[in-house]
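Hi,

Here's the structure I promised to pass on. Have a look, and my notes are underneath.

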Amino acid sequence: MIDSPRYIEFSSIGQPDIGYISIAEYQDLVPFKINRVYWTYFTPNHVIRGNHAHKSLKQIIVAVCGVIDFKLEDRDGNTYEFVLDSPEKGIFIPEGYWRTIRFSHSAVLLCLASDKYDENDYIRDYSVFKKI
Ligand code: TYD
């Protein structure tokens, strides 16, 4: 089965007067072993980040704070748009999707990644991505 990008709904434990906790665990919502966690923050709203695809990396992304817009494209030109506007919501991104990302002023992006950082796993040239 070929994976597609999709929303993930995290359950939240808690209530308004005490706050909430959400959980992501391997095999329960996370379809890969997590080998790296990173977060990005203080991204000005006018900056478009991403502009790359990964050859083999799988990711789950959560906007733990603020709003993050994701545009994804596969090699066949199919496009997907996701709005992360709640810490209870994530997206699963399989390998092979070109992404552009826009952040609201206070957004913090949390990424659970299947592998350690490897620049050789990046495709940063859009024309190369479309030709593979
Ligand atoms: P990049 O993945 O291109 O960021 P974005 O998609 O948010 O625009 O990474 C930006 C820079 O940070 C790039 O020079 C690589 C470096 N980096 C690491 O060294 N380790 C990491 O785990 C990540 C995600 C990035």
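Below is what I found around the ligand and in the strands beside that part of the notes.

First, a caveat: this is a predicted model.

Let's start with the ligand. Its surroundings are made up of Arg36, Tyr38, Arg49, Gly50, His52, Tyr117, Tyr122 and Arg124. Sorted by class, that shell has three charged, two polar and three nonpolar residues.

Several of these residues put an N or O atom by a ligand oxygen. For Tyr122, a polar side-chain atom sits 2.6 Å from an oxygen atom of the ligand. In Arg124, a side-chain N or O atom is 2.9 Å from a ligand oxygen. Gly50 does it with its backbone instead: one of its backbone N or O atoms is 3.1 Å from an oxygen atom of the ligand. As for cover, the ligand has 530 Å² of accessible area on its own, and the protein covers 61% of that.

Which elements give two or more residues to the shell? Those are β6 (36–40) and β7 (48–54). The largest share comes from β7, with three residues.

Now for the strand pairing. β6 runs antiparallel to β13 (residues 108–113), and five bridges join them. Within β13, Leu112 is the residue opposite Val37. β13 also pairs with β8 (residues 59–65), again antiparallel, over six bridges. Here Ile61 stands opposite Cys111 of β13. So much for the strands.

Shout if you'd like to go through any of this together.

Cheers

Technical notes
Residues are numbered from 1 along each chain as its sequence is written. This is a predicted model: local features need pLDDT of at least 70, side-chain atom pairs count only at pLDDT 80 or more; totals for chains, interfaces and linings use all residues. Side-chain values use heavy atoms; hydrogens and water are left out. A residue is near a molecule or strand if one of its heavy atoms lies within 4 Å of it. A polar contact is a pair of N or O atoms within 3.5 Å; within protein, one must be able to donate a hydrogen and the other to accept it, and residues adjacent in sequence count only if both atoms are side-chain atoms. Accessible areas come from the Shrake-Rupley method with a 1.4 Å probe; for residues, only the protein chains shown count as cover. Helices (H or I, at least four residues) and strands (E, at least two) are DSSP runs, numbered from the N terminus. Ala, Val, Leu, Ile, Met, Phe, Trp, Tyr, Cys and Pro count as nonpolar, Asp, Glu, Lys and Arg as charged, and the others, Gly among them, as polar. Two strands pair if DSSP finds at least two bridges between them.
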